[in-house]
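Here's a quick briefing to read alongside the structure. Have the sequence and the 3D view open as you go.

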Amino acid sequence: MGAQRGDVLRLVLGQGGRLIFLGVALGVVAGLLITRLMSGLLFGISATDPSTFAGVALLLAAVALLACYMPARRAMHVDPLVALRYE
């Protein structure tokens, strides 16, 4: 109650961003650890190709950030009294 629209957006994206960063970091580490298993499945690319790891990490982070932004944008337009009455 009393929060500005930008504050709501910043709160949701900030919390989501921390989870995204943690998930991408753990995913990259796990991916690097299982490169021996993946090397037999890949053709024409090495298992530890940095551009592939970076591209996949950026793509997943962008999709996750979009998944955080859409409900945050929707929450910015909800009247707090209507939300409290709904509860």
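How many helices and how many strands does the chain have? There are 4 helices and 0 strands, counting DSSP runs numbered from the N terminus (helices are H or I, at least four residues; strands are E, at least two). Keep in mind that this is a predicted model, where local features need pLDDT of at least 70 and side-chain atom pairs count only at pLDDT 80 or more, while totals for chains, interfaces and linings use all residues. Residues are numbered from 1 along each chain as its sequence is written, and side-chain values use heavy atoms, with hydrogens and water left out.

**Confidence**
- The chain's average pLDDT is 86, and 97% of the residues score at least 70; pLDDT is the predictor's confidence in each residue, from 0 to 100.
- Among the elements, helix α3 (residues 50–76) has the highest mean pLDDT at 91, and helix α4 (residues 80–86) the lowest at 75.

**Overall shape**
- Going along the sequence, you'll read the pattern α-α-α-α.
- The C-alpha atoms fill a box of roughly 55 × 20 × 15 Å along the principal axes.
- The chain's radius of gyration is 19 Å, whereas a compact globule of 87 residues would have one near 12 Å; the radius is taken over C-alpha atoms, and the globule rule is 2.2 Å times the number of residues to the power 0.38.
- Of the contacts with a separation of 6 or more, 69% are between residues 24 or more positions apart, where contact means heavy atoms within 4.5 Å.

**Surface**
- Accessible surface adds up to about 7000 Å², and 70% of that belongs to carbon and sulfur atoms; these areas come from the Shrake-Rupley method with a 1.4 Å probe, and for residues only the protein chains shown count as cover.
- Just 11% of the 87 residues count as buried (buried is under 20% relative accessible area, exposed over 50%, partly exposed in between, with a 1.4 Å probe and protein chains only).
- Val29, Leu33, Ile34 and Leu37 make a nonpolar surface patch of about 440 Å².
- The patch rule takes residues with over 30% relative accessible area and no salt bridge, joining like charges within 9 Å and nonpolar side chains (Val, Leu, Ile, Met, Phe, Trp, Tyr) within 5 Å.
- Val29 sits in helix α1 (residues 5–33) and is partly exposed, with a relative accessible area of 47%.

**Salt bridge**
- The count comes to 1 salt bridge, meaning a side-chain nitrogen of Lys or Arg within 4 Å of a carboxyl oxygen of Asp or Glu.
- Arg10 pairs with Asp7, and their closest N and O atoms are 2.9 Å apart.
- Both Arg10 and Asp7 lie in helix α1, 3 residues apart, or about one turn of the helix.
- Arg10 counts as exposed at 56% relative accessibility, while Asp7 is partly exposed at 35%.

**Two residues to click on**
- Thr35 belongs to helix α2 (residues 35–38) and is buried, with a relative accessible area of 12%.
- Neighbours within four places in sequence aside, Thr35 is in contact with Ala47, Thr48 and Phe53.
- Ala61 is in helix α3 and is partly exposed, at 21% relative accessible area.
- Leaving out neighbours within four places in sequence, Ala61 is in contact with Ile20 and Val24.
- Ala61 and Gly23 are 38 residues apart in sequence, yet 8.8 Å apart in space, C-alpha to C-alpha.
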